[in-house]
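Subject: Structure for your review

Dear colleague,

Please find below the structure that I am handing over to you. My notes on it follow directly after.

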Amino acid sequence: MALQASNFVVWFALVLYVLGNVDEALAAGSSRGSPYRIDLAQYNQALLPRVRTILEAAEVAEDQYVPYFELLPEYRERLSGNFLIDGFARARDAARCLTCMSSSYLFLSFYNETIVSGQGNTERVWTFAKRICRLLGFKQYLCEGIVNLNGEVIEYVLRNRTPFPEPDDICQVFLQEQDCVRDGRSITEAALYRSVDISPRSGIRWELFASYEQSGSCARDDLPPRRASGTPLTIVHLTDIHYDPEYLVGVNADCNAEACCRTLPDLAPATSATAAGYWGDYRDCDTPWHAVVDVLEHIRQQHPKLDAIYFTGDIVHHFTWNTSIATNEVAMRQVFDLMKRTFPGVPLYPVLGNHESHPANLYAPHNVDAAYRTSYLYDFVAEQWADWLPIEDIRPTLAEGGYYTVRTPYGVRIIGLNNNPCFVHNFWLFYSLDYFMPQLQWLHDTLLEAEQADERVHILAHVPSYDDSCFIGWTREYRKIVERFAHIIAGQFNGHSHVDEFNLYYRRDDPSQAVSVAWNGGSTTTYTKLNPNYKVFQFDPVTFETWMYNLTEANLTPDRPPSWYRSYSFRNHYQLQDLSVRSLQRLVQQFAFSEQELRRYWQTKQKYADPLLQEGCTGTCLRNALCAIVRTEHDDERACQLLYDRAANVTATVSG
């Protein structure tokens, strides 16, 4: 059984990995005319013998590794144009959905022939796996790395999961953001998951909450207190460093892989146009060490009186096919040590990013076999974080799932979540769709204790719960918790997306009423097409400012440190009286009225990065930017639609 499972695993891991990164070459091309309709069963039946020819060949020439549709002349025109898949009416990206469903079908066919029947062998199946990876558009070294890194985990998942997954089960989770869901089936059904036990509001607590909702803003005691000096509390939000120890200045940065700017196999020599910049590169590149040092040193000099630093994860690079526990730990230790030297005596509250685990994105349930648990990482960060956190007090939850709660010297309770299990590229979701539920129940219970103690809370997490790549099983329950305890949640701080954004949480039963806000720290990495940044929050009164530098200008003078500057103050930029939920709700309504104002927001969200400003954003792009602010649950567009409906009604009234 173990041998059979391992053969299955190799292919399965590849399909899941590449579908998260499949190239736009597989996407629909021309949109002229009515879309073609593809019958999935007929397409798969036509594809199977063509793929078999390549998989079973003694040798395969490089030019034979082409996208699936190139193997089918009768489908080439349809699949290179605008098409739909029968039975998948909701699919946002028909090409990726088709690739996922067909790849799953192909594997199951070969699995039945070579594994179940006992006719295959390990070497043959590994060859199949690598060749399928190549057909999906990836380089040989990447395919080799993904096979080697992910096989054992997927083997364990499939040996222990009941029932065995169908292609639909795989694709609707891994491609949640693309709504690759067969008609009549949906991962959005609440009955599929356990729920958090939400405590009812009672007595005076409900009265306080009702008062909070009516006022639309935080009362004075809802915020962290001033320091004894009377000056505002100052907190730096730092996130997504993505340090690459092998970053090579001047190497070809157009490597056509998931990540670039280091020496890779078969990499063409650099030209003046393709050479990786000294301070980083707008292309798919992470951060050189001297740029990591520069951002921390700049923060130290520019903000000498910090009360705390919030670090929301992702130290490790994006070369996910080339990691190990040892190299990840070296990079994390190097960055944590730098933080300790640069900010002695400053409290730092860290959480884990999805890239800290090995393999990347994989955070295991705490009750699986010991060899597969993420305990090694939790033990490592317990050692590294001991200078900042009371490790013995938080060890039980840190050891179970990498999360914790502590009370700060400035009177706020920190809740540091590990919500990386919700990331849809986490293969352990195929083992259990709700194994993270104990952490969410703990979050609720911790907030309940904070409410009873009249505490105010800051929640730190890596993956924004409102992000489409956060599995809906987590998002829905987290949203319920936020709504219940919005009156004591003074701030939410996230990373992962690399952009400078915020999000409003609306009541589930009333999409016109916002109750809480979450802020994203952006990133100090330039990956991808972005300027580096960090944020400085001040409380009482609440405001924040974003600091960054322009990468194009910085790389023109590699012999000088980048010219950091304050990009904008949020309150001043949008001329807000305060950062209350009510003020922010009025702001997003203003965005719905004015494309000009919404475009200004989009520009700050993209951190004024030159490549993205050149691309621009209009129409659907701008609407998506607004909807991303007010969507707090996958596929729930009610708040966004209401904003636009109100804007249209007002416009019609004025015109009339």
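I begin with Asp240, which sits in the loop between β3 (233-238) and α9 (289-302). Please bear in mind throughout that the model is predicted. The relative accessible area of Asp240 is 0%, so this residue is buried. Beyond its neighbours within four places in sequence, Asp240 is in contact with Phe311, Gly313, Asp314, His462, Gly495, His496, His498, Gly522, Ser523, Thr524 and Thr525.

Asp240 also appears in the record: the unreviewed UniProt entry has a "binding site" annotation that covers Asp240, His242, Asp314 and His498. These residues span 259 residues in sequence, yet no two of their C-alpha atoms are more than 10.6 Å apart, so they gather at one spot.

The unreviewed UniProt entry also applies the annotation "binding site" to Asp314, Asn354, His462 and His496. Here the span in sequence is 183 residues, but no two of the C-alpha atoms are more than 8.2 Å apart, so this set too gathers at one spot.

Asp314 is named in one annotation and in the other. Its place is the loop between β4 (308-311) and α10 (325-342). With a relative accessible area of 1%, Asp314 is buried. Apart from neighbours within four places in sequence, Asp314 has contacts with Asp240, Ile241, His242, Gly353, Asn354, His355, Glu356 and His462.

The two annotated histidines in the set with Asn354 may be taken next. His462 belongs to the loop between β8 (456-460) and α14 (472-484), and its relative accessibility of 0% makes this residue buried. The side chain of His462 reaches the backbone oxygen of Thr312 at 2.7 Å. His496 lies in the loop between β9 (489-494) and β10 (502-507). Its relative accessibility is 14%; because buried means under 20%, His496 counts as buried. Once neighbours within four places in sequence are set aside, the contacts of His496 are Thr239, Asp240, Asn354, Phe423, His462, Val463, Pro464, Asp467 and Ser469.

Which residues does Asn420 contact, leaving aside its neighbours within four places in sequence? They are Leu352, Gly353, Asn354, Tyr363, Asn426, His462 and Val463; of these, Asn354 and His462 are covered by a "binding site" annotation in the UniProt entry. Asn420 itself is located in the loop between β7 (412-416) and α13 (437-452). Its relative accessible area is 0%, and Asn420 is therefore buried. A polar contact of 2.7 Å joins the side chain of Asn420 to the side chain of Asn418.

I turn now to the aromatic residues. A pair of aromatic rings is described by the distance of the centres and the angle of the planes. The structure contains 40 aromatic pairs. One of them is formed by Tyr193 and Phe471, edge-to-face, at 5.5 Å centre to centre and with 85° between the planes. This pair links distant parts of the chain, 278 residues apart: Tyr193 is in the loop between α7 (167-174) and α8 (203-215), and Phe471 is in the loop between β8 and α14. Tyr193 is buried at a relative accessible area of 9%, and Phe471 is buried at 0%.

Tyr466 and Tyr505 have ring centres 6.5 Å apart and planes at 75°, so this pair is also edge-to-face. Tyr466 lies in the loop between β8 and α14, while Tyr505 is in strand β10, so the pair ties together parts that are 39 residues apart in sequence. Both tyrosines, Tyr466 and Tyr505, are buried.

Two charged side chains lie over rings. Arg262 is over the face of Phe319, 3.8 Å from the ring centre. Lys340 is over the face of Trp388, at 5.2 Å from the ring centre.

Some values for the chain as a whole complete these notes. The chain has 21 helices and 14 strands. Of its 656 residues, 61% are buried. Among contacts between residues at least 6 apart in sequence, 75% join residues at least 24 apart. The accessible surface of the chain comes to about 25600 Å², and 48% of this belongs to carbon and sulfur atoms.

Yours sincerely

How values were computed:
Residues numbered from 1 in each chain as written. Predicted model: local features only at pLDDT ≥ 70, side-chain atom pairs only at ≥ 80, totals over all residues. Heavy atoms only, no water. UniProt positions renumbered as here; feature names shortened; annotations may be inferred. Helix = DSSP H or I, 4+ residues; strand = E, 2+ residues; numbered from the N terminus. Buried < 20%, exposed > 50% of the residue type's maximum accessible area, 1.4 Å probe, protein only. Polar contact = N/O pair within 3.5 Å; in protein donor to acceptor, adjacent residues only side chain to side chain. Contact = heavy atoms within 4.5 Å. Phe/Tyr/Trp six-rings, centres within 6.5 Å; stacked < 30°, edge-to-face > 60°. Lys NZ or Arg CZ within 6 Å of the ring centre and 35° of its normal. Areas by Shrake-Rupley, 256 points an atom, 1.4 Å probe, with all protein chains shown as cover.
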